[in-house]
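Trainee: Got a minute to go through this model with me? I'd like to start with the helices.
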Amino acid sequence: MGEPATKDVLSLDELEVAGQLRTGRKHILSILVENKPGVLTRIAGLFARRGFNIDTLAVGPTADEKISRITLTLDGAKHPIDQVTKQLHKLVNVIKIRDLEPQDTLSRELALFKISADDSGRAEVMQICEIFRAKIVDVSRRSVVVEVTGTCDKVDAFERLVRPFGLVEMGRTGEIAIARGRGET
Amino acid sequence: MRAVDALMECLKAEGAEVVFGLPGGANLPTYDAFCDAGIRHILVRHEAGGGHAAEGYAKATGRVGVALATSGPGATNLVTPICDAMMDSVPVVFITGQVRTELLGTDGFQEADTIGITMPIAKHSFLIQQPLELPRSIHEAFHIARTGRPGPVVVDIPQDLSRAAITYEPVSDVRLPGYQPTTEGNQKQIRLAAKALANSRRPVIYAGGGVVCGEAGTELIEFATADRFPVTCTVMGLGAFPAPHEQWLGMLGMHGTRSANYAIDEADLICAIGARFDDRVTGQLTEFAPRAKFIHIDIDPAEISKNVPAHIPIVGDARNILPRLTAAYRALAPDPARLEGWWSRIRAWQQRHPLRYDDSADSEIKPQFMIEALYEATAGEAIVTSDVGQHQMWTAQYFHFSRPRQWINSGGLGTMGFGLPAAMGAKVGRPDQTVVCIAGDGSVQMNAQELATCVQEGIAIKVFVMNNGYLGMVRQWQELFWDGRYSHVETGPWPDLVKLAQAHGATGMRCADKRTLVTDFKEALAIDGPVLVDVRVTREENTFPMIPAGKPARDMVG
């Protein structure tokens with residue numbers, strides 16, 4: 001077994017697996033899709049049958065009426081993100097996928113909280129709202145409804161703080177995101 | 001013209017010379033259009049038969065197959081062929097009727113949510129919502145089915161829309177912004193792969209169905225013989241590399257040869273081409289090719305690192321990539337002598353562990369002998385389809401396929417009942433060739449009704465049933481892994497297959513003596529028209545060698 005005649009020797013041991021499979025962080029995928037019936041079903045179905053868990057999902061129009069944007073977050077510790085994006089790309093109606101870099105991305109979520117707040121607790125709830133720049137949008141004798149916008153982490157933090165007062169209900173939209181600067185998301 | 005007349009024009013423009021189908025209420029307009037369309041329509045007896053026939057046609061010819069069904073039960077009968085085509089990357093366009101738009105969502109008569117049902121098992125699907133969309137959707141369906149990684153596309157047409165009058169304008173382009181398959185292959189990656197191959201001492205080429213559907217057989221031979229690379233193929237890839245070749249190791253995987261599986265086990269570099277590391281190939285994934293680095297060439301980027309992490313991925317068309325890889329490899333002029341040690345190890349395995357069976361001393365027909373006899377009787381030239389089970393694996397082992405598209409079977413989904421209708425479709429597509437179906441007595445009954453179609457249409461397929469009166473593969477697993485507790489695997493001698501053939505108007509024959517088997521087979525092959533041969537084989541023969549499910553290749557038994 002002689003030495004190979006090539007001067008440019010490559011040791012097979014040096015070869016490494018291309019691409020990172022599991023990143024261990026939260027990923028925000030911004031997906032541009034054709035605005036056609038059934039597209040969301042295709043995406044949801046794909047996630048279900050491949051065993052990927054969607055953490056949040058938000059769908060809405062874009063500047064182009066033929067195209068919708070789906071913003072989807074998922075956990076890169078549980079899923080190989082490159083598999084998720086490659087499988088998504090196979091859907092004919094999916095035009096573009098961006099796995100947004102956290103430091104170059106603005107993300108926001110809207111949440112509504114209905115919190116138990118009678119005379120004794122209301123002032124304290126209002127104080128927390130002020131710190132979070134949350135808006136009280138409805139008040140009754142025994143409860144308030146608060147609107148909060150911010151990153152997912154901020155909304156989580158708000159939830160933790162108001163939970164002890166008695167959280168009657170809450171609704172969250174899931175994050176939407178856009179890239180910073182001039183470039184397209 | 002009516003939308004359905006435009007549909008006919010589209011089919012003709014796409015070169016669809018034949019369609020397989022069965023009419024019903026919701027696709028009556030389409031069938032009316034067939035009266036004047038000048039397209040050959042083959043009336044099947046069950047939509048599943050039509051679907052598999054379209055697959056057989058596509059696999060034998062490389063062209064897009066077309067299958068039609070009505071709404072509801074017609075469409076649900078197509079579910080198995082659609083899924084089968086998805087798993088094996090077969091280009092087929094399935095056109096289904098749907099209830100009138102005003103009935104959609106009301107549980108109307110023969111209504112089924114065909115798009116919803118088939119969404120996870122189709123490459124793409126179209127629900128026609130405006131009659132004007134129909135022509136473009138048909139062209140897009142053909143385009144999607146045949147390009148990139150081929151696959152099934154479903155077009156569902158509500159009955160009222162198919163009758164609507166439209167102004168037909170031929171469509172010459174497709175607009176699919178989200179569908180741009182990569183075909184080129186990155187040159188830098190190709191050079192890196194060539195370098196890795198030049199530095200490997202124990203390389204193996206592992207080729208799959210992608211080489212067949214990518215029409216890259218010649219390119220594969222060129223590449224493999226650029227040096228003395230050992231070659232193994234998956235069950236889908238058989239024929240991509242000629243079996244009678246000194247670099248051929250045989251099939252790999254669960255019922256592959258020991259030499260192929262041991263070579264994979266000891267390889268330092270595996271070059272996978274159009275193969276997807278299926279569990280029937282890898283066995284226990286963590287112990288698959290533990291010493292190897294992987295080059296993975298595939299047109300579907302999602303296959304890269306899906307099961308086995310790829311060190312050098314190359315996304316693109318094998319037919320495009322392989323010549324460039326061959327050239328890049330030749331330019332490095334590696335010393336072929338470095339593979340000598342590897343080959344002497346492989347030759348030792350081949351000598352010690354050839355495929356073998358204990359032949360009978362009397363007239364008894366061993367199933368492996370039956371395949372060898374058929375190989376001899378057809379001079380190894382026939383197109384062979386099969387069902388799924390022991391007979392499929394014995395065919396893969398003992399029929400030495402020499403060219404792509406010669407071997408047509410259901411590998412991914414493992415569909416019993418695939419072989420007979422697939423043979424019908426293959427014969428329609430390649431009337432110049434002898435087409436034989438090797439079936440089991442269990443599986444042949446799953447689509448035997450298509451014999452009537454063959455007789456009516458004069459499609460002269462030859463069906464050879466390996467009859468052991470058992471669901472043989474399941475029986476084998478019960479014997480080996482379930483303490484021999486046979487549970488519902490014995491089918492007995494029913495039906496009388498000779499009479500079954502005759503009842504359909506085909507010729508029925510029975511063979512039970514190995515001494516005359518080759519002559520009997522030749523006789524059957526010479527008959528003009530469809531023939532079914534009931535071959536009585538050893539009842540409890542096992543398919544060996546075998547890697548038990550979930551075990552590593554080293555633990556092969558038998």
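Mentor: Sure, here is a quick chat about helix packing and confidence.
Mentor: This is a predicted model, where local features need pLDDT of at least 70, side-chain atom pairs count only at pLDDT 80 or more, and totals for chains, interfaces and linings use all residues. Residues are numbered from 1 along each chain as its sequence is written, chains are lettered from A and ligands numbered from 1 in the order in which they are written, and side-chain values use heavy atoms, with hydrogens and water left out.
Trainee: How many residues of α16(B) are buried?
Mentor: Eight of the 11 in α16 (residues 367–377) of chain B; buried means under 20% relative accessible area with a 1.4 Å probe, protein chains only. Among them are B:F369, B:M370, B:I371 and B:L374.
Trainee: What do they pack against?
Mentor: Their partners in chain B include α17 (390–398), β15 (435–440) and α23 (517–526), with contact meaning heavy atoms within 4.5 Å.
Trainee: Switching topic: at what angle do α3(B) and α18(B) pack?
Mentor: About 45°, with the axes 6 Å apart. That makes α3(B) oblique to α18(B), since angles under 35 degrees count as roughly parallel, over 145 as roughly antiparallel, 65 to 115 as roughly perpendicular and the rest as oblique.
Trainee: Left-handed or right-handed crossing?
Mentor: The crossing of α3(B) and α18(B) is right-handed.
Trainee: And how confident is chain A?
Mentor: Its mean pLDDT, the predictor's confidence in each residue from 0 to 100, is 90. Over residues 1–7 of chain A, though, pLDDT stays under 50.

Key:
Buried < 20%, exposed > 50% of the residue type's maximum accessible area, 1.4 Å probe, protein only. Helix = DSSP H or I, 4+ residues; strand = E, 2+ residues; numbered from the N terminus. Axes fitted to C-alpha atoms, helices over the stretch in contact; angles between N-to-C directions. Left-handed = near helix turned anticlockwise from the far one by under 90°.
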